[in-house]
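Work through the exercises below with the sequence and the model open. Try each task before reading its solution.

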Number of protein chains: 2
Amino acid sequence: MTITEIAKKAGVSSMTVSNVINGHTKRVSLKTSNKVKRIMEENNYVPNLSARSLRASSNIIAVFVPLVKSQTHNNIFLDPYLSQMIGIFEENLRQKGFFAMIRSVESINDINLMIQNWNVDGAILVYPYFENQIDLLLEKNKIPLVFLDSFKNNPRALTVNIRDAKGTYLATKRLIELGHTKIAFVGNYEGNTLVTSRFNGYHQAMEEAHLTIEKDFIYTVDSIFSEGKKVGKDIVLNKKFTAAVTTADISAAGIIEGVRSAGYSVPEDLSVTGYDDTSIATLVYPKLTTVNQHIEQKATSAVNLLLDKLKGKTGDNNHILLDVELIERDSTAKPRQDT
Amino acid sequence: MTITEIAKKAGVSSMTVSNVINGHTKRVSLKTSNKVKRIMEENNYVPNLSARSLRASSNIIAVFVPLVKSQTHNNIFLDPYLSQMIGIFEENLRQKGFFAMIRSVESINDINLMIQNWNVDGAILVYPYFENQIDLLLEKNKIPLVFLDSFKNNPRALTVNIRDAKGTYLATKRLIELGHTKIAFVGNYEGNTLVTSRFNGYHQAMEEAHLTIEKDFIYTVDSIFSEGKKVGKDIVLNKKFTAAVTTADISAAGIIEGVRSAGYSVPEDLSVTGYDDTSIATLVYPKLTTVNQHIEQKATSAVNLLLDKLKGKTGDNNHILLDVELIERDSTAKPRQDT
DNA sequence: TTGTATGCGTTATCAT
DNA sequence: ATGATAACGCATACAA
């Protein structure tokens, strides 16, 4: 059932039907409008959005998830942080009349392709893996683009960031308050500005407390369970540290497992903090002390920023910075007195 | 850059370009073909898929996720089973040249709408919540539809199922072998054929061992952490059972937490089994003994079934039934001797 | 092997 | 307030 067919049945032109559909009330009399609406109802008219995309906007918002080939698991959705985020995107966009197209991408070429393929109205990039190529992306695509966790502040880019450094700063500071001095940092910040920021927070807290960070304080490992487990085992067997600050809940979960597999326990033998406050944080035992980054607010901010720009709102507030907070649970405690 | 523009630059008609794009090699000389290809390269030609959808197929596959309003959390993606599944869908479809449109839906109307809106080529329905309306869906939409975990076997429906009953049967039987006789069942099967099947497996194993199931053996609660926690606490405080069979890993995780919060522990005071073998199973402590349902295979089966039908393969094998297996980890053990 | 005409369903422009 | 026409980009049918 097309507009033309509806028009015929209603004895009007297709333009009138189109005007009714698009709410151009000034161009159609109430009487015809109602008649057309009735006939659309009766015939279950459904607009063909491909056709509409050809002339007008598509209402498609792309959500791009960079795929890192080196990663051990290529199912990106196993990451609860991402899953939660995407769920919020889909929900919000749907309720506002848009269509979310979630798409994993291996390069910015994939992004350009997708945007042009479907006349995408706007896009969200969830990880900062392509942040060096943001300028290229913005140049090529004249649509609003939201970048999460990306600090390459091209003024034309829409960005949503969190106070990454503050999170690890708060975590480290708290550990120091509890009496820890030998605190390890677990995170792979090579070429990763996000993790680098989180390292900086750790660094700052240590410095303020006049604690030196030696080379072997840093475990440069990926944020996956198995790597965390290795680190946990290593730390507790060598008894070098009484606490560890991580950059992801899954790392902390792995560390707990590693510590336990070596016959020790968290937090008695090692305090550990996570990051993100995902569902993992309350599933593991002991529950994680971690940095809550308000994932829901982050996701809705991204959507709102994007849609506001689409509506042409001239709000010059292209950059959103969200706060974080430390959530203390059971994976941290005072260090043992006896050492 | 459109086909027409490319055609002009190449000094050919737009149809020739179209034929090159669609690989109709018989209709274009190799020479022109190469020339056109070169010019497309140079100008970064990208097809407009909305336009193509208007004449040909859209290459869009919809993935529908029923939204249950009564659910406490409406972010469906928090379920690791679903997240993993969707990740596999997206990955597989992308690699085969399709576009996954993930969409949460509240009714089959939402489904019909979406399919017509975008000329969707095929769709996957991940939960059986609308299984009573499968006939309606199939009647209205003339495209291949895959239903997961749905046993309403309309022969035109494509279905992927698992041996639900077998999973709980194996779990219960194993508990009985370990010496348990008082075994609770935790799952809300009211109007839910999937959970009902899983109950039947439990029932069968109990019956075969001549163990009676009394009314209070059944905890009719939703599969969420907090409900599991309540059940765990209740079970262990009343000392009625030495084991519990659940229908979801998250339930089992909740039970473990409940048991622990009451000052007891798993598996010493209560053995518990999960279902699905999601990431939760190995994150919690103790790691779950659970039923592995080969999620990856399930998801790829669904995609293959769908794409085969789209290609017109006449394989009359519209229904796939996958096996399950019991994975024994650390949440089950022999019951205490002293009781 | 290549080109022309036409239509997919919608909306913008211009006319009435 | 309503309608006629053209155009979006592509692919099918048919012609050359």
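Two strands count as paired if DSSP finds at least two bridges between them. Keep in mind that the model is predicted.

**Exercise 1. Pairing of two strands**

Find how many bridges join strand β3 to strand β4 in chain B, and which residue of β4(B) stands opposite B:Ile124.

Solution.
- Locate β3(B) at residues 122–125 and β4(B) at residues 145–148.
- Three bridges join these strands, which run parallel.
- B:Ile124 stands opposite B:Val146 of β4(B).

**Exercise 2. The whole sheet**

Put the strands of the chain B sheet in order, and explain why one side of β2(B) and of β11(B) has no neighbour in the sheet.

Solution.
- Six strands of chain B make an open, parallel sheet, in the order β2-β1-β3-β4-β5-β11.
- β2 (99–105) and β11 (319–322) of chain B stand at the edges. Each has a single partner strand, so one side of each lacks a neighbour in the sheet.
- From one strand to the next, the twist averages 15°.
- Now add the helix. α13 of chain B, residues 295–310, packs on the sheet. This helix touches β1 (60–66), β3, β4, β5 (158–162) and β11 of chain B. The direction of α13(B) makes about 165° with that of β5(B).

**Exercise 3. The β2 edge**

State how many bridges pair β1(B) with β2(B), and how many residues of β2(B) are buried.

Solution.
- β1(B) pairs with β2(B) in the parallel sense, over seven bridges.
- Opposite B:Ala62 stands B:Met101 of β2(B).
- Count the burial next. Six of the seven residues of β2(B) are buried, so this strand is largely enclosed by the rest of the structure.
- Combine the two results. β2(B) is at an edge of the sheet, yet largely enclosed.

**Exercise 4. Strand β5 and its partners**

Which residues of β5(B) lie on each face, and are they buried or exposed?

Solution.
- One side carries B:Leu158, B:Val160 and B:Ile162. The other carries B:Thr159 and B:Asn161.
- All of them are buried, and both faces are covered.
- With five of five residues buried, β5(B) is largely enclosed by the rest of the structure.
- Follow the pairing on from there. β4(B) pairs with β5(B) over three bridges, in the parallel sense. β5(B) pairs with β11(B) over four bridges, also in the parallel sense.
- B:Val160 takes part in both pairings: its bridge partner in β4(B) is B:Leu148, and in β11(B) it is B:Ile320.

**Exercise 5. A helix crossing**

Describe how α8(B) and α9(B) pack, giving the angle, distance and handedness.

Solution.
- Two packed helices are described by the angle between their axes and the distance between the axes.
- Take α8(B) as residues 164–177 and α9(B) as residues 193–208. Their axes come within 7 Å and cross at roughly 35°.
- The crossing of α8(B) and α9(B) is right-handed.
- Residues of α8(B) in the contact include B:Tyr169, B:Thr172 and B:Ile176. Those of α9(B) include B:Leu194, B:Tyr202 and B:Met206.
- By class, this contact has seven nonpolar, seven polar and four charged residues.

**Exercise 6. Chain against chain**

Which element of chain A gives the most to the side that touches chain B?

Solution.
- The contact takes 37 residues from chain A and 37 residues from chain B.
- On chain A, the elements giving two or more residues are α4, α5 (80–95), β2 (99–105), α6 (108–117) and α12 (280–283).
- α5(A) gives the most, with eight residues.
- This side of chain A has 21 nonpolar, 13 polar and three charged residues.

**Exercise 7. Two DNA strands**

Set out the surroundings of DNA strand C and DNA strand D.

Solution.
- 26 residues surround strand C, the closest being A:Ile3, A:Asn48, A:Ala51, B:Ser13 and B:Leu54.
- α1 (3–10), α2 (14–21) and α4 (49–55) of chain A, with α2 (14–21) and α4 (49–55) of chain B, each give two or more residues to that surface.
- Around strand D there are 25 residues; A:Val12, A:Leu54, B:Thr2, B:Ile3 and B:Ala51 come nearest.
- Here α2 and α4 of chain A and α2 and α4 of chain B each supply at least two residues.
- By class, the surface near strand C has 11 nonpolar, 10 polar and five charged residues. Near strand D there are 11 nonpolar, nine polar and five charged.

How values were computed: Residues numbered from 1 in each chain as written. Chains lettered and ligands numbered in written order. Predicted model: local features only at pLDDT ≥ 70, side-chain atom pairs only at ≥ 80, totals over all residues. Near = placed C-beta within 6 Å. Nonpolar A, V, L, I, M, F, W, Y, C, P; charged D, E, K, R; others polar. Contact = placed C-beta atoms within 7 Å. Axes fitted to C-alpha atoms, helices over the stretch in contact; angles between N-to-C directions. Left-handed = near helix turned anticlockwise from the far one by under 90°. Buried ≥ 20, exposed ≤ 12 C-beta atoms within 10 Å, placed from the backbone.
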